[in-house]
Amino acid sequence: MTPRSGVGTDAAGAEKQPAKRMAAGAVIRDHRGWILLVKPIYKEGWEIPGGVVEADESPLMCCAREIREELGVSAPIGELIALDWRGPCPGKEEIVVFVFDGGILPEEAAAELRLPPDELSTWCFVAPEDLARYLPGGLAVRVTSAVDPLLGVYLEQGLRPERAGATGWV
C-alpha cells in the first residue's frame, strides 16, 4: 500500500504499523424480512454475500463489488449496520468486518441472481430466527446482532461490548 502524504511517509515507520485485514458484506432481505445467504464451494457452511477488502478499496466499495461478483446484480448498499472486530483464533487472523444494509431484494431481481460457479453453489433466504442453523457461530451472532437495532453498530466477536466503568460519568 502506498503511504499517503504526511502520514507514514517513513518506510521504516510504515513497516512497524500493524496490518489489519478487513472484510465487508451485506444483509439483503426479501419481502418477508428473511436474509439472503450464499453457500461457498471452498468451505463448509453458509455466509452473507461479501468478501475481503482489496488494496485501495473502501469497505463500501468492496461490498458493492462483491455483490456484483457473487450475485450478478447491483444492489443499493445502504447504511453500516454492524462493525465487528474478531480477534485471532486458531487458523484465523484478526479481522474487522463491515456489515452494510443491502436493502430488500425484489422477487423479480432474485430470479436474476447469477452465482459464480467457481465460488458459490447456491443461495437461499433464511428467517432471522433460523440463522444459527445455517451460519457458523461467530457469523450467526454477527448477522443477528446487525439486524437487531437495539444492539448497536459496534461489535466485538459479534457481541456488543459492555461499557467499561458502567457506573456513570466521573
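# Close-up views of a predicted model

**View 1. Tyr134, with a relative accessible area of 27%, is a partly exposed residue.** Like every view here, this one shows a predicted model. Which residue forms an aromatic pair with Tyr134? Start with the total: the structure holds 2 aromatic pairs. In one of them, Trp46 meets Tyr134 edge-to-face, with 5.8 Å from centre to centre and 80° between the planes. Trp46 belongs to the loop between β2 and β3 (50-52) and Tyr134 to helix α4, so this pair ties together parts that lie 88 residues apart in sequence. Trp46 counts as buried, at 14% relative accessibility.

**View 2. Trp123 and Phe125 form an edge-to-face pair, because their ring planes stand at 85° and planes over 60 degrees apart count as edge-to-face.** The centres of these two rings are 5.7 Å apart. A pair of aromatic rings is described by the distance of the centres and the angle of the planes, so look for both when you study a view like this. Are the two partners buried or exposed to some degree? Trp123 is partly exposed at 28% relative accessibility, while Phe125 is buried, with a relative accessible area of 15%.

**View 3. Here a charged side chain sits over a ring: Arg32 lies over the face of Trp34.** The distance to the ring centre is 3.7 Å.

**View 4. Helix α5 spans residues 137-146 and has several buried residues.** Which residues of α5 are buried? They are Leu139, Ala140, Arg142, Val143, Ser145 and Ala146. Around them, the covering elements include the strands β1 (21-29), β2 (35-40), β4 (80-86), β5 (95-104) and β7 (154-156), together with helix α4 (131-134). To follow the helix by eye, remember that an α-helix has 3.6 residues a turn, so residues three or four places apart point the same way.

**View 5. A salt bridge joins Arg142 to Asp84, with the closest N and O atoms 2.8 Å apart.** This pair links distant parts of the chain, since Arg142 is in helix α5 and Asp84 is in strand β4, 58 residues apart. Both Arg142 and Asp84 are buried. For Asp84 the relative accessible area is 1%, so Asp84 falls under the 20% limit for a buried residue. The two side chains also make a polar contact, at 2.8 Å. What else is in contact with Asp84, apart from its neighbours within four places in sequence? Besides Arg142, the contacts are Ile95, Val96, Val97, Leu155, Glu156, Gln157 and Gly158.

**View 6. Helix α2 carries a salt bridge between Arg65 and Glu69.** The closest N and O atoms of this pair are 3.2 Å apart. The two residues are 4 residues apart, about one turn of the helix. Arg65 is buried at 10% relative accessibility, and Glu69 is partly exposed at 42%. Zoom out a little and you find a network of salt bridges that links Arg65 and Glu69 with Glu54, Glu57 and Glu66. Across the whole structure, 11 salt bridges are found.

**View 7. Glu47 and Lys43 form a salt bridge in which the closest N and O atoms are 2.2 Å apart.** Is each partner buried or partly exposed? Glu47 is buried, with a relative accessible area of 19%, whereas Lys43 is partly exposed, at 39% relative accessibility. Side chains of opposite charge can pair when their charged atoms come close.

**View 8. The largest nonpolar core has 22 residues.** Which members touch the most other members? They are Ala24, Ile28, Cys63, Ile67, Leu71 and Leu105. At least two residues of this core come from each of β1, β2, α2 (59-71), β5, α3 (107-110) and β6 (120-126). Helix α2 gives the largest share, 4 residues. Apart from this core lies another one, of 20 residues, including Val27, Val126, Leu135 and Val143. In soluble globular proteins, nonpolar side chains tend to be buried together.

**View 9. Cys63 meets residues from elsewhere in the sequence.** Leaving aside neighbours within four places in sequence, Cys63 is in contact with Ala24, Gly25, Ala26, Ile77 and Phe100.

Terms used: Residues are numbered from 1 along each chain as its sequence is written. This is a predicted model: local features need pLDDT of at least 70, side-chain atom pairs count only at pLDDT 80 or more; totals for chains, interfaces and linings use all residues. Side-chain values use heavy atoms; hydrogens and water are left out. Buried means under 20% relative accessible area, exposed over 50%, partly exposed in between (1.4 Å probe, protein chains only). Contact means heavy atoms within 4.5 Å. A nonpolar core is a set of buried Ala, Val, Leu, Ile, Met, Phe, Trp, Tyr and Cys residues joined through side-chain atoms within 4.5 Å. A salt bridge is a side-chain nitrogen of Lys or Arg within 4 Å of a carboxyl oxygen of Asp or Glu. Rings of Phe, Tyr and Trp (its six-membered ring) pair if their centres lie within 6.5 Å; planes under 30 degrees apart count as stacked, over 60 as edge-to-face and the rest as tilted. A charge sits over a ring if NZ of Lys or CZ of Arg is within 6 Å of the ring centre and within 35 degrees of the ring normal. A polar contact is a pair of N or O atoms within 3.5 Å; within protein, one must be able to donate a hydrogen and the other to accept it, and residues adjacent in sequence count only if both atoms are side-chain atoms.
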